[in-house]
Amino acid sequence: MQFYLAPMEGMTGYIVRNAFHHNFDYIDKYYTPFIPAAKRMNKKIQRDIDPSNNEGITLIPQVMSNNAMEVIDLSHQLEKFGYTTLNINLGCPSGTVVGKKRGSGLLFYPEELDHFLEELYSNINIPVSIKTRIGFNSEDEWYEIAEIYSKYPIEELTIHPRIQKDFYKNSPRLDAFKHATEVINCPLCYNGDITSVESFSKIHNEFPDINSYMIGRGLFERPGLIHEIMSNSADDIDEKEKRERITNFHNEILSGYLSIMSGEKDAMFRMKEIWLYLRKSFDDSDKYWKKIKKAQTLSDYNTIVNYIFNNLKLTK
């Protein structure tokens, strides 16, 4: 069984990756937030992918583009950092992305998608995986898209079985994923709404031959989720250990942000993004989440989160 941390823009940079690696070392692969292929990598991206900032981590650069030659050019830049594979983002639902026919926006144009993949796989000299949704407006689009994917030597196809219009609402469309298992021969990875041992078990029982799972929001809600899945229960893990690991995970991220950002408020803003999800690790956390959102100083912020870590019960 393989577990991957999904790329989340503004959330899964090297500071967070290291916090997972040091405190919840059950993740087999990490993916960078998408790297635009249309230009040279800036210093921020170079810092994020620098191997010295990702020691002990298997990191896959994720690329955003609809132009094969741009991807190939970026692959040469990545090779200088030691990367010998990359992932293409065909899943991002953001309006600013899809409006440029990138991310899941390219799925609306199957002929252009086919041309892009043909040119890419005919000319690139490293393995390329893909992360995709199943369509733009309708699940019915998936049949043609899946046929296109079946033509190419995709290293691994991660499928988030939602359409672009779903964003992150509605339930994953499991019939579409089942169709992929029937017509696509490359290795498949499932992504979407794995937030508990129960939700993982449902997917695993439905698709017992799938051995790779990508998890994003679920790992921020429950950083120890993979350990719980491997133990087949959230109850078999010592609560004191869970609490200590979550606390250390949080403190490492906060310390990392404080070390690279211009001020405490910038670091707190990023931590508030983490707490949008992490609060779900604790029972009755809603009123404290409201206090976190209102916190204006690092001292106030630390007082609130320390109370949470020391007094609130962990969710089961």
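**Note on the core, voids and selected residues**

1. Of the 99 residues in the largest nonpolar core, those that touch the most other members are F20, I88, W142, Y149, W275 and Y301. Helix α12, residues 264-278, contributes the largest share of this core, seven residues. A second core, separate from this one, has six residues, among them A6, Y31, I60 and C189. The model discussed here is predicted. In soluble globular proteins, nonpolar side chains tend to be buried together.

2. F20 deserves a separate entry, as one of the core residues that touch the most other members. With neighbours within four places in sequence left aside, the contacts of F20 are L5, D25, I27, Y30, L219, F220, P223 and F249.

3. Helix α8 covers residues 197-206, and its buried residues are V197, S199, F200 and I203. Viewed down the axis of α8, these buried residues fall within an arc of 165 degrees, so they line one face of the helix. E198, K202 and N205 are exposed on the other side of α8.

4. What do the buried residues of α8 pack against? The partners are three strands and two helices by label: β1 (2-5), β9 (188-191) and β10 (212-215), together with α7 (174-183) and α10 (225-231).

5. The structure holds one cavity of 30 Å³ or more. The volume of the largest cavity is about 150 Å³. It is lined by 15 residues, and F24, G224, E228, K242 and I246 are the closest to its centre. Helices α10 and α11 (239-260) each supply at least two residues of this lining, and α11 gives the most, with four residues. By class, the lining of the largest cavity divides into six nonpolar, four polar and five charged residues.

6. The largest pocket has a volume of about 710 Å³. Its lining is made up of 33 residues, and P7, M8, E9, P93 and Y168 lie nearest the centre. At least two lining residues come from each of α4 (95-98), β10, α9 (217-221) and α12. The largest share, three residues, is that of α12. The lining of the largest pocket comprises 16 nonpolar, 11 polar and six charged residues. Helix α12 thus appears twice in this note, with the largest share of the largest core and with the largest share of the lining of the largest pocket.

7. The second largest pocket holds about 470 Å³ of space. Of the 22 residues that line the second largest pocket, G13, P33, K44, D48 and R270 lie nearest its centre. Two or more residues of this lining come from each of α1 (14-23), β3 (35-36), α2 (43-49) and α11. Which element gives the largest share of the lining of the second largest pocket? That is α2, with five residues. The classes in the lining of the second largest pocket are 13 nonpolar, four polar and five charged. Helix α11 supplies residues to this lining and also to that of the largest cavity.

8. Two residues with positive phi may be checked in the backbone. K101 is not a glycine, yet its phi is positive at about 60 degrees. K101 sits in the loop between α4 and α5 (110-123). Its relative accessibility is 27%, and K101 therefore counts as partly exposed.

9. N170, also a residue other than glycine, has a positive phi near 60 degrees. The loop between β8 (157-159) and α7 contains N170. Is N170 buried or exposed? With a relative accessible area of 52%, N170 is exposed.

10. Q62 belongs to strand β5, residues 62-64. At 1% relative accessibility, Q62 counts as buried, because the cut-off for that class is under 20%. Not counting residues up to four places away in sequence, Q62 touches P7, T32, P33, F34, I35, N87, I88, N89 and K131. Two of these names recur above: P7 is among the residues nearest the centre of the largest pocket, and I88 is one of the core residues that touch the most other members.

Key
Residues are numbered from 1 along each chain as its sequence is written. This is a predicted model: local features need pLDDT of at least 70, side-chain atom pairs count only at pLDDT 80 or more; totals for chains, interfaces and linings use all residues. Side-chain values use heavy atoms; hydrogens and water are left out. A nonpolar core is a set of buried Ala, Val, Leu, Ile, Met, Phe, Trp, Tyr and Cys residues joined through side-chain atoms within 4.5 Å. Buried means under 20% relative accessible area, exposed over 50%, partly exposed in between (1.4 Å probe, protein chains only). Contact means heavy atoms within 4.5 Å. The arc is that of the directions from the helix axis to the C-beta atoms. On a 1 Å grid over the protein atoms alone, a cavity is a set of points where a 1.4 Å probe fits but cannot get out, and a pocket is an open set with protein on both sides within 12 Å along at least five of seven lines; lining residues have an atom within 4 Å of a point. Grid points are joined across faces, edges and corners, and a volume is the space filled by probe spheres set on the points. Ala, Val, Leu, Ile, Met, Phe, Trp, Tyr, Cys and Pro count as nonpolar, Asp, Glu, Lys and Arg as charged, and the others, Gly among them, as polar.
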